[in-house]
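I opened a fresh page for this one and wanted to see how its parts meet. Here is what I looked up, in the order I went.

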Amino acid sequence: MERQSRLFSIFVHASALLLAAVILAPVVWLFVMSISPAADLSAKPLSWWPSDIELSRYRTLLSAIENSAGAAFIAALINSLMVAGMATLAAIVVAVPAAWAVSRTPAVSWSLYAVIATYMLPPVALAVPLYMGLAYFGLLNTVFGLALVYLTILAPFTTWLLKSGFDAIPREIESAAMIDGARLDQILRLLTLPLAAPVMATSALFAFLLAWDEFFYALLFTSDLRAKTLTVAIADLAGGRVSDYGLIATAGVLAALPPVLIGLIMQRALISGLTSGGVKG
Amino acid sequence: MSANWISTRAWLLMLPLLVVMVSVIGWPLVDTVRLSFTDAKLVGTEGSFVGIANYEKMLAGSNFQRALVTTTWFAVVSVAAEMVLGVLAALLLHQQFRGRTALRALMILPWALPTVVNATLWRLIYNPEYGALNAALTQLGLIDSYRSWLGEPGSALTALIIADCWKNFPLVALIALAALQAVPRDITAAALVDGAGPFNRFRFVIMPYLAGPLLVALVLRTIEAFKVFDIIWVMTRGGPANSTRTLSILVYQEAFSFQRAGSGASLALIVTLLVTVLAAAYAALLRRAAGAA
């Protein structure tokens, strides 16, 4: 491929343009809808470029006037942040010791495969008892209950990612420190965990994105502003009688912003995680 | 330190995870099995033992058979399209062209977009009155009048598959690209010198490097596609005329819309069994591929 013919080069550039258009067009259109005046969006023929830049929807959704669309949106945003934050924290706390143990003790690694296998379970297989259990403990429609349920997804996933992370840290370092007389807790605290900090951060980000993205359990286990997450709020908007499609688009842009920014900034780490650890669907 | 102590220590460190897994996955799964043999309702009635009546009813019902066909079609077509488009995009991104770094970075966009936002976006694009697809096709002169892409049984599932592909093929492309970059340059150069054409270079030189990562992506994508719920719920709720009702949607309706916890649980376990068989078949395939390589 050192010398490319001119024709081949033209073909490559044309294909690249096509690919860029396919990737960008829907995303750009979402953004254009969010800043177009409502009249533009219902015009026939459709005008593809906003006649005027309309930012009022962003103001509406981000202002917390009581009983407004904004109050509902902000409540959902806070719920999403809390659920994803709590679930991620809990997943990392239980996954770090387990992942280290599995990485350093091959004899128990079969248990990890049992944990990973649960990742293939369809959520519908757990949904009915989880619903009844949450109802029994009064945790339906609470952020805490939803975060607990999210551990079904986050805990196996982070354990798997962290295990490959610990595998990459040579155990000889730990053995050397042990010969020098360090206790296990010192080794973990001063040596292994600092070395594993990057992979822990990546795993936490992945877990956060998974929780941010989750819809099925949130749809089942939340019913109003006290616990409804962004994904459910957006699905409500999309399926409801909202006449301004621009408002739906604006909510979509705002909900997509955190993961898209994380994705673009963390590109390299995400891709190496994707190719080594697993694939998020 | 004795081997015994090391193994005990490992189990102690795993204890928090195991406790969590047993209480949020193990117990619910066992309870789903129990419920599947009862006529329990979601709220109120405890239900009594009915044997395998739920399973018989569900398996014999036309709803299940139709949902199974719909799910299989969705999974096979969308995953196949994602694989082909993904590999093509990866081969392109591996070439030299201006803006390559930027385009590679852009590929993360559809993957990063939350599933529900993606579904909402495509729902707006397919809108029968004001949607961008109708507008674009009309302005290009390809259709005479606006169509209800998600409202007609003939086109709804295809429209869903396109939306799903758009979100997921870039991920396959990124995985394939990482594999392509691992192909040693001297091998492709040697094949070129030996006079191998583009097809033979791809088939015999590059494909062996791609096969492993692609097979893993294929397995995971197929399992995900078989469990599909979110995108369908947001875009069509299984309609129109149940033409997009997949197995997960059917279980949701049975257990939660109709509150029939017992038969819903039996249906959920049938789906679980299907996914497990699929996964086991793939695992065997992966092991064979690994053995052959």
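I began inside chain A, where seven residues of domain 1 are in contact with seven residues of domain 2. A reminder to myself: this is a predicted model.

Next I asked which elements supply the side of domain 1 of chain A that touches domain 2 of chain A. I found that α1 (6-35) and α2 (38-41) of chain A each give at least two residues to that side. The largest share, four residues, comes from α1(A). Sorting that side of domain 1 of chain A by class, I noted five nonpolar residues, two polar ones and no charged ones.

Then I checked the bounds. The domain assignment of chain A puts domain 1 at 1-54 and domain 2 at 69-276. I also looked up the spacing, and the C-alpha centres of these two domains of chain A lie 33 Å apart.

On to the chain contact. How many residues does each chain bring to it? I got 73 residues from chain A and 76 residues from chain B. On the side of chain A that touches chain B, α1(A) again caught my eye: the largest share, 13 residues, comes from this helix. By class, I listed 57 nonpolar, 15 polar and one charged residues on that side of chain A.

Last, I looked up the confidence values. Chain B averages a pLDDT of 90, and 98% of its residues score at least 70. For the complex, I copied down an ipTM of 0.91 and a pTM of 0.91 from the predictor.

Conventions
Residues are numbered from 1 along each chain as its sequence is written. Chains are lettered from A and ligands numbered from 1 in the order in which they are written. This is a predicted model: local features need pLDDT of at least 70, side-chain atom pairs count only at pLDDT 80 or more; totals for chains, interfaces and linings use all residues. Domain bounds come from an automatic or database domain assignment. Two residues are in contact if their C-beta atoms, placed from the backbone, lie within 7 Å. Ala, Val, Leu, Ile, Met, Phe, Trp, Tyr, Cys and Pro count as nonpolar, Asp, Glu, Lys and Arg as charged, and the others, Gly among them, as polar. pLDDT is the predictor's confidence in each residue, from 0 to 100.
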